[in-house]
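Reader: Please take a close look at one part of this model, the paired charges. Then set that part beside the rest of the surface and the chain.

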Amino acid sequence: MVTFWFALVVLCWVLFFVLEGFDFGVGLLAVFLGRDDHERSAAIRTVGPFWDGNEVWLVAAIGVTFAAFPDWYAALLSGLYLPLVALLLLLAIRGVALEFRGKSDGVRWRRGCDAALAASSAGIALLWGAVLAVLVRGLALGPAGEVTGTGLSRTLGPLLSPAAAAGAAAGLAVAVLLGAAFLALRTTGPLRRRARRVCVATAALLGAGLVAAAAVTGSAGPLVAALPCAGVALLARDRREGAAFTVAALAVAGAVVAVFTVHGDVVLRSTLNPAWSLTLADAAATGSTLRLLTVAGVLILPGVLVYQGFSYWVFRRRVASERVPS
């Protein structure tokens with residue numbers, strides 16, 4: 001039962017990072033790839049029917065983690081309180097920018113919304129990348145599983161490390177890659193061509209970075225991760241946007257699974273003493289709670305998946321970015 005619920009937690013986080021990953025990338029790229037308001041609007045319309053539905057998976061991931069593994073949730077929230085609050089604020093700004101952009105035709109209004117959308121999307125991608133790196137590195141857990149330390153250093157200190165900086169850069173690059181691949185898949189005309197070029201360049205840059213990381217660390221992991229990047233670059237160059245986006249999404253899914261399972265049954269490492277690390281058994285709720293959650297999950301989860309799949313099918317056509325002569 002504990003393993004089943006851990007798998008469900010990882011699944012919810014995978015769906016969030018993949019689906020919201022291209023959302024963040026489109027929000028960031030729209031202002032750079034769109035040469036005028038018409039093209040920027042076309043880029044934003046590609047995620048218009050999906051972005052709020054994609055955020056459901058953040059609510060699901062947090063809710064399932066809290067219900068099934070309360071001690072894990074408590075340690076993460078305690079150790080990363082300020083970064084997580086900042087993430088929620090940025091998500092709120094992003095949602096307001098998307099909703100309010102169409103409320104006025106004023107040029108300054110729309111440019112302001114586009115700038116807020118791009119800045120908040122970039123900030124979210126950077127922060128999530130840093131937080132995932134902290135999850136791999138661990139937190140300063142004491143013998144009772146509580147996060148030690150006081151003041152701002154307790155919640156901001158974990159982000160001030162080279163690993164967190166590398167994670168932030170990787171988070172931004174992955175969001176750009178997914179966003180460019182999605183825009184190339186869902187648009188036509190000049191926007192599609194520019195998105196395809198950005199997709200090829202980002203995949204090549206990310207792959208080169210992973211090869212360099214493999215050479216520096218002597219680990220084969222980054223080298224394996226560089227292979228999908230090469231595949232995405234080649235597929236996008238050959239205008240096979242659907243296959244390029246699929247490979248990119250699967251690679252991100254694999255990376256998220258690796259982050260959550262890299263330490264086996266340890267869900268959160270202690271940087272003070274490995275013996276104080278939090279394991280699945282330590283963090284899980286009681287058996288009766290997990291059985292009750294299973295009933296709720298079986299009833300709710302399939303409905304959410306079917307509804308979201310249906311919405312992607314309904315809005316599957318490309319969005320035109322060309323101007324039609326009057």
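Author: The salt bridges come first, then the patches, the cysteines and a few positions along the chain.

This is a predicted model, in which local features need pLDDT of at least 70, side-chain atom pairs count only at pLDDT 80 or more, and totals for chains, interfaces and linings use all residues. Residues are numbered from 1 along each chain as its sequence is written, and side-chain values use heavy atoms, with hydrogens and water left out.

Side chains of opposite charge can pair when their charged atoms come close. A salt bridge here is a side-chain nitrogen of Lys or Arg within 4 Å of a carboxyl oxygen of Asp or Glu. The structure holds eleven of them. One network of salt bridges links D37, R40, R101, D105, R110 and D114.

Take D114 as the way in. Its side chain forms a salt bridge with R40, and the closest N and O atoms are 3.1 Å apart. R40 sits in helix 2 (residues 37-45) and D114 in helix 7 (residues 107-137), so this pair ties together parts that are 74 residues apart in sequence. Helices are DSSP runs of H or I with at least four residues, strands are runs of E with at least two, and both are numbered from the N terminus. R40 and D114 are both buried. Buried means under 20% relative accessible area, exposed means over 50%, and partly exposed lies in between (1.4 Å probe, protein chains only). D114 has a relative accessible area of 4%, so it falls on the buried side.

D114 also meets R101 in a salt bridge, at 2.5 Å from N to O. R101 lies in the loop between helix 6 (81-100) and helix 7, the helix that carries D114, so this pair ties together parts that are 13 residues apart in sequence. R101 is buried too, at 7%.

Now turn to another pair in the network. The side chains of D105 and R110 meet in a salt bridge at 3.5 Å, N to O. Here the two ends contrast. D105 counts as exposed because its relative accessibility is 68%. R110 counts as buried because its relative accessible area is 14%.

Next, the surface. Patches are made of residues with over 30% relative accessible area and no salt bridge; like charges are joined within 9 Å, and nonpolar side chains (Val, Leu, Ile, Met, Phe, Trp, Tyr) within 5 Å. The areas come from the Shrake-Rupley method with a 1.4 Å probe, and for residues only the protein chains shown count as cover. Lys and Arg count as positive, Asp and Glu as negative, while His and the chain ends are not counted. The place of a charge is NZ of Lys, CZ of Arg, CG of Asp or CD of Glu.

R35, R193, R197 and R239 gather in a surface patch of positive charge. R197 belongs to helix 10 (residues 189-217). R197 is exposed, at 54% relative accessibility. R239 is in the loop between helix 11 (221-237) and helix 12 (241-261). R239 is exposed as well, at 57%. R239 is not a glycine, yet its phi is positive, at about 65°.

The surface also has a nonpolar patch of about 600 Å², made by L77, Y81, L82, V85, L89, L152 and L156. Helix 6 and helix 8 (152-156) each supply at least two of its residues. Helix 6 gives the most, with four. L156 is in helix 8. L156 is partly exposed, with a relative accessible area of 33%.

What about the cysteines? A disulfide is a covalent bond between the sulfur atoms of two cysteines. The cut-off used is a pair of cysteine sulfur atoms within 2.5 Å. By this rule there are zero disulfides. C199 is in no disulfide, and the nearest cysteine sulfur, that of C229, is 10 Å away. C199 is buried, at 1% relative accessibility. C113 is buried at 9%.

Two distances complete the picture. A7 lies in helix 1 (residues 2-33). A7 is partly exposed, at 46%. A7 and V257 are 250 residues apart in sequence, and their C-alpha atoms are 9.3 Å apart in space. G53 is in helix 3 (residues 51-54). G53 is partly exposed, at 27%. G53 and A204 are 151 residues apart along the chain, and 31 Å separates their C-alpha atoms.
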